Every structure is written in C-alpha cells, then in structure tokens.
Number of protein chains: 4
Amino acid sequence: MTPESKIKVGVLGATGTVGQRFIALLAEHPYFVLHALGASSRSAGKQYPQAVLWKQTSPIPASVRDMVVNECKPEFFKECSVVFSGLDAEVAGDIEAAFRSAELVVFSNAKNFRRDPTVPLIVPLVNSSHFAMVPQQRTLHNPPLKCGFILTNANCSTTGVVVPLAALEKAFGPLESCIITTMQAISGAGYPGVPSLDIIDNIVPYISGEEEKMEWETLKILGGITENDNAEKCFDMHSRHPLRISASCNRVPVVEGHTECVSVRFARRPPPSPQQVREALAAYTSDAYALGCPSAPRHTIFVHEEPDRPQPRLDRDYQKGAGVSVGRIRQCKVLDIKFTVLANNVAIGAATSSILNAELAVIKGYVS
Amino acid sequence: MTPESKIKVGVLGATGTVGQRFIALLAEHPYFVLHALGASSRSAGKQYPQAVLWKQTSPIPASVRDMVVNECKPEFFKECSVVFSGLDAEVAGDIEAAFRSAELVVFSNAKNFRRDPTVPLIVPLVNSSHFAMVPQQRTLHNPPLKCGFILTNANCSTTGVVVPLAALEKAFGPLESCIITTMQAISGAGYPGVPSLDIIDNIVPYISGEEEKMEWETLKILGGITENDNAEKCFDMHSRHPLRISASCNRVPVVEGHTECVSVRFARRPPPSPQQVREALAAYTSDAYALGCPSAPRHTIFVHEEPDRPQPRLDRDYQKGAGVSVGRIRQCKVLDIKFTVLANNVAIGAATSSILNAELAVIKGYVS
Amino acid sequence: MTPESKIKVGVLGATGTVGQRFIALLAEHPYFVLHALGASSRSAGKQYPQAVLWKQTSPIPASVRDMVVNECKPEFFKECSVVFSGLDAEVAGDIEAAFRSAELVVFSNAKNFRRDPTVPLIVPLVNSSHFAMVPQQRTLHNPPLKCGFILTNANCSTTGVVVPLAALEKAFGPLESCIITTMQAISGAGYPGVPSLDIIDNIVPYISGEEEKMEWETLKILGGITENDNAEKCFDMHSRHPLRISASCNRVPVVEGHTECVSVRFARRPPPSPQQVREALAAYTSDAYALGCPSAPRHTIFVHEEPDRPQPRLDRDYQKGAGVSVGRIRQCKVLDIKFTVLANNVAIGAATSSILNAELAVIKGYVS
Amino acid sequence: MTPESKIKVGVLGATGTVGQRFIALLAEHPYFVLHALGASSRSAGKQYPQAVLWKQTSPIPASVRDMVVNECKPEFFKECSVVFSGLDAEVAGDIEAAFRSAELVVFSNAKNFRRDPTVPLIVPLVNSSHFAMVPQQRTLHNPPLKCGFILTNANCSTTGVVVPLAALEKAFGPLESCIITTMQAISGAGYPGVPSLDIIDNIVPYISGEEEKMEWETLKILGGITENDNAEKCFDMHSRHPLRISASCNRVPVVEGHTECVSVRFARRPPPSPQQVREALAAYTSDAYALGCPSAPRHTIFVHEEPDRPQPRLDRDYQKGAGVSVGRIRQCKVLDIKFTVLANNVAIGAATSSILNAELAVIKGYVS
C-alpha cells in the first residue's frame with residue numbers, strides 16, 4: 001500500500017548532520033514531501049541556506065532553498081503528519097515528547113527514548129514486528145493519542161551488527177554470546193565532532209557511552225514482545241535465551257562507514273559451518289524489502305567472498321548505503337564463527353533507517 | 001655483564017625498512033658497533049646513502065655514510081660476531097642459515113625460522129628462558145656449531161599482545177582463551193607496502209597470514225620447554241593448559257603503532273578483578289630489564305588510567321617504543337577481562353626486540 | 001547529431017585504474033557500447049572479473065562480467081570503431097599506433113602522443129577546434145588513413161587549470177603569465193601508485209615530469225592552429241602572445257580531486273576586476289555542452305562564493321566530476337588575479353575527458 | 001653571556017596547545033626555570049595534570065606535575081621576570097599588557113601586539129636587530145618601565161617563509177615580489193581546531209586572516225628601523241624597496257609542519273642562479289646561533305638536494321624543529337627563482353621562537 005497523495009513531513013534538527021541527510025533523502029521521496037524545517041532559535045527565521053553549514057557532497061536540494069527554518073515547536077508543523085528528528089540528545093527528549101503530544105508521528109535518531117518501555121527501537125531490516133507496541137504507547141498518554149507516537153532507530157554501531165545477528169538467529173536459533181570490536185567513522189560523531197588532531201594518524205580506543213548502547217540495544221532489538229497477566233506488552237530483552245554481548249568501540253580515521261569484527265557463539269550444538277552462515281546471511285530478506293518499502297535494499301546483507309572485503313571506502317555506498325556488508329566469514333577458535341560487518345553509519349545507521357521506519361509505518365497503517 | 005670492547009655486528013637487508021631501523025638504533029649502542037652492511041646484489045658495491053631510500057625521521061648516521069654495502073654472504077661479515085637480519089621472507093631462509101653455518105649469531109625478524117623446533121622465538125620482554133634451546137640447535141648442526149645460532153623475534157602484532165598475556169599468566173595462572181582484534185599500522189607492511197589508495201579513508205579487514213601467525217606464535221612464546229625421554233628439549237606450545245586464541249587482523253590508516261583489543265578468559269575461577277589485572281600489569285617486569293639490558297624499558301607495561309588511552313600517535317614513542325601500553329582494563333561480559341594494547345610495531349615489534357634479544361644473548365653469555 | 005545505432009568500442013588497459021573508470025562510464029552510454037577489452041598478456045584469456053583488481057565504488061557492470069580480456073592487438077578489436085586507451089606510457093606508444101594503423105580511432109590518456117605535431121591534445125571543455133588537425137594526421141600515414149587517428153586528452157593537472165584559463169582568455173584576451181601550485185590527489189598516480197608511508201600525514205612536494213607537462217601542454221591547448229606556406233597546419237603554442245607558465249606540483253593525502261592555486265597576469269591593462277572574472281568564469285560554456293555532448297556538464301565552471309570552497313571531498317563529485325570548480329577569486333598583489341581550482345582528476349581529468357572527446361568526434365563526424 | 005642563576009619564568013595559557021609546548025621545552029632549559037602557570041579561571045586552583053588535556057607525545061614533565069594553575073594575573077607571577085604567552089587572541093591583549101605594566105617581560109605568540117608600532121615582531125632566526133625598539137616601548141609607558149616590555153613572534157606560516165627570504169636579501173639585495181602558496185598543518189589551528197570531517201581526505205583552501213598576516217608581517221620583519229626628526233624609531237615596513245607579497249593559504253591533512261611553495265623576483269638584474277641561491281641559503285647563519293642561544297639550530301636553513309624533499313613527516317623534527325628546510329630550488333618561468341619551504345609550525349613556528357627570543361633577550365641584556 002502506498003499513500004495516495006504525498007504525506008507532509010518535517011525535519012527537526014534540520015541544520016545538523018543527520019538533519020542534512022534527511023533533507024537530501026527526502027528531496028525526491030515517493031511517499032513524503034518535505035514541508036517544514038525545525039532547528040534552534042539561533043537558526044529560526046533564516047532561509048535554510050543561510051542557516052546551515054551544508055556538508056553534503058550533493059548541493060542543497062532546490063525544494064528547500066527557499067524554506068525558512070522554524071523553531072522546533074509543534075505549532076510550526078501543524079500541516080505535517082510526521083517529523084524526522086535529528087536532534088541532539090540534550091534537547092531531543094522534551095521536543096520529541098511535545099510533538100507526540102501534538103499527535104505527530106516522530107521518527108527519532110536520538111537516544112532519549114530508546115530505553116523507554118513503550119517506545120519501539122526498530123532497525124527496519126530486523127524487527128518491524130515491534131510496531132506492535134505503538135497502540136500501548138498511545139494509550140498511556142492522557143488522553144490517549146489517536147495518531148502520535150515516537151519510534152526510534154538504533155545507534156549507528158548497533159545497527160550494523162544487529163542485522164547479521166538477526167539473520168543468524170532466524171536461521172540457526174538463539175545466539176549465546178557475541179564479542180564485537182568496532183572501528184567507527186568520524187561522521188558518527190556529527191559536526192564538528194572529532195577534532196582532527198585526535199584522529200589523523202591515530203586511533204581513539206573509546207567512544208563515550210557507545211559500548212553500553214550496543215550491549216543494551218541489541219537485546220531490545222533481537223528480543224521479542226511478551227504480554228503479562230494484565231495483557232500489557234513488554235519488550236523481553238531476549239530474556240528467554242540470555243545473550244551476553246561484549247563490545248569494544250574505537251574511532252578510526254575513516255570518513256564514513258563503521259567496520260565491526262564480530263565473533264558469535266550459538267546455543268545450538270554443533271554450530272553451523274561458515275558456509276551455512278554465508279548462505280543464511282545472503283538469503284536473509286528484511287520485512288522492509290518484502291513489504292515493498294521504496295528505500296529498502298534488495299540485498300539486506302551483501303556477502304563478500306574476497307578475503308579483504310568489506311572495506312568502508314569501496315563498499316559503503318553500495319545500494320546507497322541502505323544494506324549491510326558482511327565478509328570474512330570463518331571459524332572462531334574461541335566462540336563459533338567470526339566475520340566482519342560494514343554498515344554506512346550515516347545511511348542505514350541513521351537517516352535511512354528512520355525513513356525506512358516511516359515507510360514501514362505507512363505500509364502498516366500507522367501513519368495516515 | 002657488559003662486553004669489554006664493543007662487538008662488531010652486521011645488518012642484513014640494510015636498505016629495507018627494518019634494516020634502516022637497525023642502523024638508526026645501532027648508531028650509538030653501548031655493546032655493539034656496526035661494521036658491515038648487507039643487501040641485494042642491486043645495492044652491493046654502492047655507498048650506503050646511494051643504495052638506500054632512507055625513510056627515517058632522523059638523518060643517516062654519520063658512521064654509515066661512508067660504508068659500502070655488500071651482498072649478504074658470510075665472507076663479507078668475517079669480522080662480525082652477530083648479524084641482525086631485516087631480510088624479506090623470500091630470501092631470509094637460505095641466507096640466515098648460511099650465516100649460522102659460518103658461526104655467526106643471527107637475530108632475525110623474518111618468519112622463516114619461527115616455527116623451527118630448535119629456534120627460539122623470543123619476545124625479550126617475555127620469554128628469555130627460551131635461550132635454553134640454543135645449545136641443542138647448535139648440536140644439530142654437522143659439525144656442531146661453537147658460536148652460531150639463529151634466534152627470531154615475533155611478528156609485530158604478536159609482540160604487542162603477548163606481553164600483557166605473559167604478565168597475566170605470571171600473576172593469575174594459565175589463560176584459557178583469548179580473542180584479539182587488531183588495528184595495525186601501515187609501517188608493519190614495509191615499503192612500499194600498502195598502496196595509499198587502499199588505506200586513506202579506509203580499513204582493510206585482512207592481512208595475509210597475520211592471524212595464523214598470531215594464533216601460533218603466541219602459543220610458542222607463552223609455552224615452556226619440556227624434555228623427552230632422550231633428554232631432547234622441545235617447545236611445549238602451552239600444551240599443559242590448552243589456550244585457544246582467535247585473532248582478527250585489520251590494517252588502518254595509522255603510520256606507526258599497532259592497537260589491539262583483547263578479551264581473555266582465565267582458567268582460575270573466579271577470575272581476577274579489573275583492578276587486580278591493572279596492578280599485575282603495572283607490576284610486571286621483564287627479564288630484559290631485570291638483567292640490565294640497556295635498551296629495556298623501565299615500564300615493561302605502562303598502564304593508562306584515562307579512558308581514551310593508549311592512542312598510537314600519542315603513546316607509541318614513550319620509552320622510544322620499547323615498552324607496551326595497556327589501557328581500558330575492564331570486565332568482559334563474554335570472557336572475563338578486556339583491555340586495549342598499543343605496541344610500536346617498528347620498535348618493540350621489530351628492530352628493538354632483535355636488539356634486546358642480542359643484549360640478552362650477550363648478558364647470558366651466548367655471544368662472545 | 002547522435003548515432004543511429006550504438007558504436008562498438010573497446011577499452012585498452014582495461015584492468016588499470018583509468019580502464020576501470022572507462023568501463024564504469026561506458027556501461028550505460030547513449031552513443032557507445034562496450035564490445036572488447038584489452039590488457040596485458042597476463043590478463044588475456046581471463047574473464048574480466050578474474051583479471052581485474054576492481055577498485056571502483058560501484059560494482060563491476062553486469063555487461064562486462066562475462067567478457068573475456070584479450071591482448072591489446074587490433075585483430076581482437078575488428079568490430080570496434082573506437083578504442084579508449086588507459087594504457088601506461090611504457091606500452092601505449094606502439095599499441096596505440098598499431099590501432100590507428102588498423103583504422104581505429106584511439107582516444108588516449110597516455111602522454112606518448114601529446115607532443116606529436118599532428119595529434120590534437122584536446123580538453124573537451126576548451127579546444128574542440130583542434131579536431132581540425134585530424135585530416136592532416138591521417139594523410140601523413142602511408143597509405144593515408146580513412147578512419148583511424150589518435151587523439152589525446154591532457155594530463156589531469158593541466159586539465160583543471162586550462163579550463164578557467166581558456167575562459168579568461170576568451171573574455172579578456174591573452175594571458176601573459178601564470179603561476180600555479182597544485183595539491184594533487186593520490187588517485188592521479190594510478191594503482192598501486194603512491195605508497196601510504198609516503199603520504200599519510202605528509203606532503204610530497206614533487207611529481208616526476210608533472211611540472212613540465214603542465215607548462216608545455218597548456219600552451220598547446222590554449223594556442224591555435226596556423227598554416228604555413230605549404231598549407232600545412234601546425235599548433236602555434238600560443239606563440240602570438242607568449243605566455244609564461246610556472247608550475248609547482250605537490251602530492252597530498254586526498255583520494256580524489258586536484259586542487260590548484262593559480263595567479264594570472266593579463267596582457268590587457270588595466271586587468272579585469274575580481275567580479276568581472278567571477279562573471280566571466282560562470283558564463284563560460286564549453287563547445288562540448290553547446291554541441292550537445294551527453295557527458296558534458298551544464299556548468300563548465302562552477303563558481304563558488306563561499307570563502308572556503310572548492311574543497312575536494314565536497315565538490316569533486318558535482319556533475320559527476322565532469323566540470324571544474326573555481327573559488328576564492330580575488331586580487332593578487334604580484335600578478336593580477338588569483339583563485340583556486342578544483343578538478344576531479346579521474347573524471348574530467350582522465351576518463352570523462354576521453355569520452356567527451358569521443359562524443360565530440362561523433363557529433364563532428366570524425367567517427368562513423 | 002648566560003645567566004648566573006636560572007631565571008624564573010611563567011607560562012600564560014598553560015593548558016593550551018602552545019602552552020603545553022612551552023612547558024615541554026622549559027622542562028630542562030639552561031637559562032629558565034618554570035615557576036608559575038596561568039590559565040583561565042576554569043582551570044585556576046587545579047593541579048596542572050587535572051587542568052590540562054595533555055596532547056604532547058612526551059609525558060607531562062615531573063617538574064609541573066604538582067604545580068597549581070593560577071589565573072593570568074601578575075600578582076600570581078611576582079617572582080617571575082619573564083612570561084611566555086600562549087594565550088588566545090580573544091584575551092591576550094589585556095592580559096599581556098597587564099603583565100608588561102607589572103614589569104614583566106612578555107614573549108607572546110598571539111597576534112594582538114604584532115602590529116603595534118613599538119612592539120618588535122621578531123623571528124629569532126631573522127631580525128634580532130629589532131630588539132632596538134624595546135627602550136622606546138618602555139618609555140611610552142607612564143611612568144616609563146624599567147624591565148617590562150612585550151615582544152611577539154610571527155604567525156607560524158610567516159616564520160617559515162621569512163627565514164629564506166631574509167637569507168636571500170642578505171646575499172642578493174632586496175626582493176621585489178614574492179608569491180607563496182601554503183599547505184598548513186592542522187596543529188596550526190590549536191585544539192580542538194579543525195574538525196576531522198573538514199580535513200580527512202580533503203583540503204580547505206582558506207584560513208581566516210592568514211593571508212593578510214603573511215603579507216603584512218613579512219614586511220615588518222624584513223624591514224628595518226628608521227628614525228624620524230624627533231629621534232623616534234619606527235619600523236619601516238621594507239619601504240625603501242617596496243616588496244609585493246601575495247599569499248594563498250590552505251589547510252591540509254598533515255599533523256605538523258607547514259609546507260610552502262615560494263616564487264621570488266629580485267630587484268637585482270640579472271638575478272642569482274639556482275645554485276647561487278642554494279649556496280646562499282645553506283650559508284645563512286642566524287644571529288641567534290652566532291650569539292650562542294642554546295635553542296638555536298646549527299643549520300638555520302637545511303638545503304635538501306633530493307628532488308622530493310622537504311617532506312613534513314620526515315623533516316619536521318630535524319634539529320627539534322628549530323630550523324627551516326628548503327628544497328627544490330629552481331628557476332621560475334614567471335618570477336626568478338622558486339623553491340619549497342618546510343617549517344615546524346609548533347616549534348620554530350610558535351613556542352621555540354618565543355624561547356629563542358627570550359634567550360636573545362637574556363644575551364642582549366634585556367632581561368635581568
């Protein structure tokens with residue numbers, strides 16, 4: 001099902017890194033038409049080109065050249081049904097809640113609501129079933145909401161790894177443990193982000209809060225939804241099959257594309273062979289693609305056979321960065337299987353995931 | 001014991017990356033004096049500055065400016081007792097064997113003899129006890145050698161990780177398993193080495209043969225020496241306590257300094273706490289330092305407390321790159337403890353280790 | 001005029017850097033269809049994917065996946081009318097001449113024929129009038145050629161600067177002198193090209209032969225064609241208005257996009273103002289665009305107003321790299337006007353220029 | 001003349017990039033002993049290691065580990081005779097003036113007083129004769145100062161080029177014009193400075209205010225001091241031989257070391273040959289070295305003969321970065337001679353110059 005007429009949408013945090021990406025992606029979208037831009041009071045009142053320090057490799061789309069930036073208040077977005085939020089965590093909480101209360105659907109990249117027990121944390125290539133929590137989120141509001149809800153996507157490094165993990169669980173049953181070491185691109189930190197003196201000819205072996213996010217978010221995404229005796233839904237955090245995850249996060253001098261080395265152990269003994277894993281990953285299809293989301297990649301996971309791939313510079317733009325690349329699938333002498341994942345942190349790791357989530361919401365009837 | 005007069009030494013592969021480093025380190029060494037240089041026939045007969053594409057940040061030492069390069073044949077090194085070999089693996093095997101046969105002591109950086117059952121593979125900050133294999137190596141020669149033997153140091157990425165692993169085993173008993181992800185500097189590949197088009201704004205998630213080296217060499221280094229019924233010594237490959245090691249090796253756009261993320265599981269239950277690990281690593285002292293090797297670092301392992309260290313650009317030159325840095329010591333949710341190691345691949349990971357091994361050989365009486 | 005049916009073309013040096021780019025550009029070309037691939041004897045007989053180390057960010061086009069690579073001999077290209085040559089200078093001379101003799105039209109990126117007095121050196125955004133030399137080139141052959149000729153494009157750094165210089169001469173008359181300092185991307189050196197140890201955290205202030213090329217090629221391109229008393233045409237090397245050019249070429253750690261700082265002095269006094277220069281550059285239209293070449297950029301020169309543009313990472317892909325960016329137009333206290341140029345060295349600086357030249361040749365009737 | 005006992009000095013802006021460098025250089029200085037540290041009120045009261053984000057490759061010197069940071073007020077520096085200022089321009093003006101009023105000698109890296117008509121702008125390898133302005137500066141104060149004065153060093157990119165220019169003028173008489181294109185390291189912008197997203201795989205062809213500084217400062221430094229009819233001294237800005245300078249400044253992805261391409265035209269006709277220039281530059285000796293400054297480099301200008309030098313990574317640390325490297329000396333087809341300069345922007349381009357100026361001040365008797 002596709003919308004009969006295009007849905008008017010807004011972008012919050014429109015001058016930021018993720019906001020710019022939203023604008024580039026929404027410039028020619030089959031479902032959505034960009035109608036309003038929100039940013040800080042410093043930018044409000046300015047035409048977009050005057051308000052933004054545009055850092056995309058494509059020019060500012062013609063459709064927004066004359067748009068005036070507003071403050072991030074629902075009153076300026078009355079004609080929109082949906083907003084995409086690229087707001088910083090410092091301000092995202094209150095603003096996104098206000099937009100929900102005003103009956104807008106909010107697709108957020110911020111971390112603020114990811115741990116909320118009624119907010120779905122959806123990686124669109126993985127767990128679209130978590131939309132089922134939306135009705136409960138609406139009813140908790142007083143009065144209950146008819147249209148509004150908040151839905152978040154995952155941290156960029158979580159998104160990369162959770163796609164192949166979901167594919168493995170689908171094919172071979174629950175995972176038992178997973179050790180991940182990331183090599184994350186500088187664009188993951190936004191702008192101005194990482195000072196060049198910290199990262200040229202260097203590695204920073206630490207990203208504040210990142211390891212905790214990966215270890216926690218993965219459980220919410222890979223877990224299911226259960227109901228208690230009062231028919232209340234809750235995210236089960238993969239609790240039926242406890243999954244231990246250990247992440248080590250590093251910043252590397254790469255502009256775009258997070259590379260992650262992953263080792264996993266399966267509950268099932270014996271575990272699958274590398275070749276079985278290869279086939280299962282290549283065969284995995286996302287709900288988003290099956291349901292016809294226009295931004296969904298045909299290859300959810302592209303499996304590389306060459307020994308030295310994936311590489312961020314060569315592979316990050318494949319399918320416009322909407323899929324995930326996996327290579328070097330082989331046995332791990334400590335756990336069972338190890339492999340290397342590459343995900344485009346600014347595409348599937350951020351704005352593209354929000355837009356896919358919005359496409360899913362339209363198709364599933366959560367946006368009207 | 002230090003030598004009464006300086007020992008004459010040669011450098012094989014003198015024009016290569018490791019050879020240049022040997023020359024820089026030997027320019028003012030308290031034990032050794034550089035006496036002869038060997039390289040390929042293409043360089044032979046030329047004065048050193050004409051033969052070399054010097055890529056060090058310090059100028060060519062005055063003492064070698066007028067030296068003429070010879071071919072790598074023992075007849076040109078008759079006055080030397082010791083040679084340091086920075087030869088490529090393609091040619092190192094035959095040449096190093098010929099020098100040993102000619103009663104020279106060969107300290108090699110090449111991989112050719114690392115798996116030889118009578119050649120010690122010594123990381124000087126770890127297993128100087130493996131010198132005990134030298135007499136047996138000499139007796140296998142026909143006729144038995146009086147002076148000559150070959151001793152290798154480890155691969156640069158092995159060296160970084162094996163130092164803290166040895167410290168942990170010394171303090172807490174045998175390790176059971178270890179997962180390592182490396183982020184290796186381009187200088188580890190020599191010159192011309194990695195093409196810039198492959199590594200600027202990029203990661204290459206593969207280094208040919210590197211993971212196998214790390215997984216095998218670590219066992220030889222951390223293992224002991226046993227004797228069979230015929231009183232023959234052999235390296236036990238840590239077989240009394242099987243140790244599983246899984247390595248994933250990546251090339252990153254860093255000039256110098258290999259960073260490695262390590263998770264370990266101890267045989268002992270409960271395992272030590274992060275604080276105990278911190279203290280044990282900081283307290284570890286190498287034999288090389290205890291015995292007075294002039295190039296040994298005072299801090300075998302420097303333990304960083306800041307959450308974002310060690311970093312290659314800031315920490316690789318501490319103690320002239322002769323020690324190892326460890327930081328981010330914390331619990332691992334899958335194994336027991338995880339941490340980040342930094343080792344200077346061209347110093348302790350290559351030339352400095354050979355020179356420390358030679359200093360140990362002098363002190364222990366294996367070089368006269 | 002566009003061809004009624006697509007013209008069959010071949011690529012020489014198909015596995016190299018420029019050859020790969022030709023293949024990517026020709027995959028969906030409105031005039032040309034890729035019919036044959038040539039490379040060294042080492043690659044001949046292999047299917048293209050097995051012969052090539054593909055380093056483009058897009059996958060190998062489906063249309064060449066099953067093509068077999070041949071040696072670079074005309075007998076294997078009999079059905080082609082045109083070949084695009086990405087051959088190295090070491091072999092390009094003889095091979096390209098052989099293809100011309102076999103009546104093929106050769107569009108070459110190599111330097112071998114650039115100084116040939118009957119071979120046009122055409123930057124398609126500048127001097128398409130030099131096609132007029134083709135008939136004379138054909139008649140010098142014995143017997144005279146009916147179809148075959150060789151046409152070269154310029155060195156990548158020449159191409160960047162000659163476009164705005166041509167625009168300035170068109171608007172304001174002859175230039176008198178020009179000082180250029182380049183900051184050239186590593187991709188300009190092909191693969192493996194520049195060793196990473198030479199260029200990460202570094203500048204190499206020298207590129208062999210590059211300054212001479214820039215100083216000489218610019219004169220041939222900006223100059224006209226004169227006739228002597230025997231009605232023989234010759235390139236006049238801008239001799240009616242001697243133009244002094246001084247170039248300093250540097251390699252910088254940028255993947256793609258040559259940046260050049262240019263100062264010029266005009267013959268005309270007083271010289272134009274910066275604003276007049278700005279307008280003249282923005283107004284300049286290439287013959288290639290005016291004649292309808294499908295690969296010609298709408299903006300031959302994009303003039304940036306922001307003080308910190310053009311930048312290679314942000315601007316190199318604008319118009320698929322087919323145009324040239326100019327910014328920072330301002331007065332020079334020594335000469336008259338100075339500005340900064342950015343040109344994509346692998347697009348307009350190499351393969352795109354050859355293809356534009358071929359499009360011009362079709363439109364002008366030199367290819368049938 | 002060297003001081004009998006060490007002179008107590010302070011560092012203003014002690015936590016910043018230049019301040020850290022001052023501290024590293026002063027840790028073992030033969031003339032000076034570090035006695036007090038000044039920084040912003042945010043840092044005041046903290047021990048230095050707690051106040052600073054130390055980014056040097058050597059550890060914090062033991063001598064400052066226990067020092068407490070003060071605010072930048074003269075009352076906290078009463079025992080010091082000298083302060084080295086690494087303050088930002090936003091605050092340097094008032095603070096440095098206050099220290100001068102309190103009879104301290106201020107060696108400043110900030111731009112605030114560089115254009116002051118009684119403040120010498122001294123590149124210690126060039127124009128130590130400008131100390132002659134100090135008495136007049138003191139007398140302008142009310143009441144006249146006995147000890148205090150302010151002396152600045154030049155902008156980092158000016159320093160690099162002015163040394164060979166001074167050597168050329170000394171040997172061959174006045175220059176008439178000079179065109180300079182710089183490729184400047186990120187460390188020139190301090191910390192956090194240049195965002196990594198702006199500079200990895202990129203060039204920024206603009207540095208705010210930099211070209212104006214280079215064009216103006218060079219004239220003050222290379223010019224002399226004249227006296228008017230009232231016996232008042234003034235800097236003549238090279239006015240007896242007008243010198244036109246045109247600079248184009250670029251930021252490049254290099255950590256340390258500014259590279260500059262320079263073309264010059266001499267007033268004298270015919271101009272010197274490249275070989276004469278080579279010899280003159282190599283022969284140039286600074287007053288600072290001749291007078292015995294302990295930090296002065298033996299080779300004021302190191303002249304490289306290899307065609308591809310100087311390179312920042314290989315040459316920036318020669319002589320601890322206190323000298324200047326020049327290479328590629330050759331004819332310029334537009335002006336007379338062109339060459340490439342490399343200067344370490346954080347050493348001779350900043351802190352080392354201040355310290356050399358202070359050494360000169362001691363030797364010349366301006367500090368007691």
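Q: Is D:Met237 buried, exposed or something in between, and what is its relative accessible area?
A: This is a predicted model. In it, D:Met237 is partly exposed, with a relative accessible area of 23%. Partly exposed covers the range between the buried limit of under 20% and the exposed limit of over 50%, so 23% falls in that class.

Q: Where does D:Met237 sit in chain D?
A: D:Met237 is in the loop between β9 (233-235) and β10 (244-251) of chain D. Its phi is near 55 degrees, a positive value in a residue other than glycine.

Q: OK, A:Asp201 next. What is its phi?
A: Phi of A:Asp201 is near 55 degrees, which is positive although the residue is not a glycine. A:Asp201 lies in the loop between α6 (196-199) and α7 (210-222) of chain A.

Q: Buried or exposed?
A: A:Asp201 has 2% relative accessibility, so it counts as buried.

Q: What does A:Asp201 do for the area chain A buries against chain B?
A: Start with the whole interface: chain A and chain B bury about 3800 Å² between them, and 56% of that is on carbon and sulfur atoms. A:Asp201, A:Pro205 and A:Val334 supply 17% of the area that chain A buries against chain B, more than any other three residues.

Q: How many residues are in contact there?
A: 47 residues of chain A are in contact with 47 residues of chain B. Of the interface residues of chain A, 100% are also interface residues in chain B, so the copies meet through the same surface.

Q: And D against B, what area is buried?
A: About 1100 Å² is buried between chain D and chain B, with carbon and sulfur atoms giving 55% of it. D:Thr57, D:Arg313 and D:Leu314 supply 43% of the area that chain D buries against chain B, more than any other three residues. Eleven residues of chain D are in contact with eleven residues of chain B.

Q: What turn lays chain D on chain B?
A: A turn of 180 degrees, with a shift of 0.0 Å along the axis, lays chain D on chain B with an RMSD of 0.0 Å. That is the relation of a two-fold axis. In chain D, the C-alpha nearest the axis belongs to D:Asp201, 3.3 Å from it.

Q: Switching to holes. How many cavities of 30 Å³ or more?
A: The count comes to nine cavities of 30 Å³ or more. The largest cavity has a volume of about 130 Å³.

Q: What lines the largest cavity?
A: In chain A, the lining includes A:Ile200, A:Asp201 and A:Pro253. Chain B gives B:Ile200, B:Asp201 and B:Pro253, chain C gives C:Ile200, C:Asp201 and C:Pro253, and chain D gives D:Ile200, D:Asp201 and D:Pro253. The lining residues divide into eight nonpolar, no polar and four charged.

Q: Which peptide bonds in chain D are cis?
A: One of them runs from D:Asn142 to D:Pro143, with omega near 0 degrees. D:Pro143 is in the loop between α4 (134-139) and β6 (149-152) of chain D. A cis bond also joins D:Arg269 and D:Pro270, with omega about -10 degrees. D:Pro270 is in the loop between β11 (258-266) and α8 (274-283) of chain D.

Q: Last one: what do the buried residues of α1(C) pack against?
A: They pack against β1 (7-12), β2 (32-39), α2 (48-51), β4 (82-85) and α11 (347-363) of chain C. The buried residues of helix α1 (residues 17-26) of chain C include C:Phe22, C:Ile23 and C:Leu26.

Conventions. Residues numbered from 1 in each chain as written. Chains lettered and ligands numbered in written order. Predicted model: local features only at pLDDT ≥ 70, side-chain atom pairs only at ≥ 80, totals over all residues. Heavy atoms only, no water. 1 Å grid on protein atoms, 1.4 Å probe; cavity = no way out; pocket = protein on both sides within 12 Å on 5 of 7 lines; lining within 4 Å. Points joined across faces, edges and corners; volume = space filled by probe spheres on them. Nonpolar A, V, L, I, M, F, W, Y, C, P; charged D, E, K, R; others polar. Least-squares fit on C-alpha atoms with pLDDT ≥ 70 in both. Contact = heavy atoms within 4.5 Å. Buried area = accessible area lost by both parts, 1.4 Å probe. Buried < 20%, exposed > 50% of the residue type's maximum accessible area, 1.4 Å probe, protein only. Helix = DSSP H or I, 4+ residues; strand = E, 2+ residues; numbered from the N terminus.
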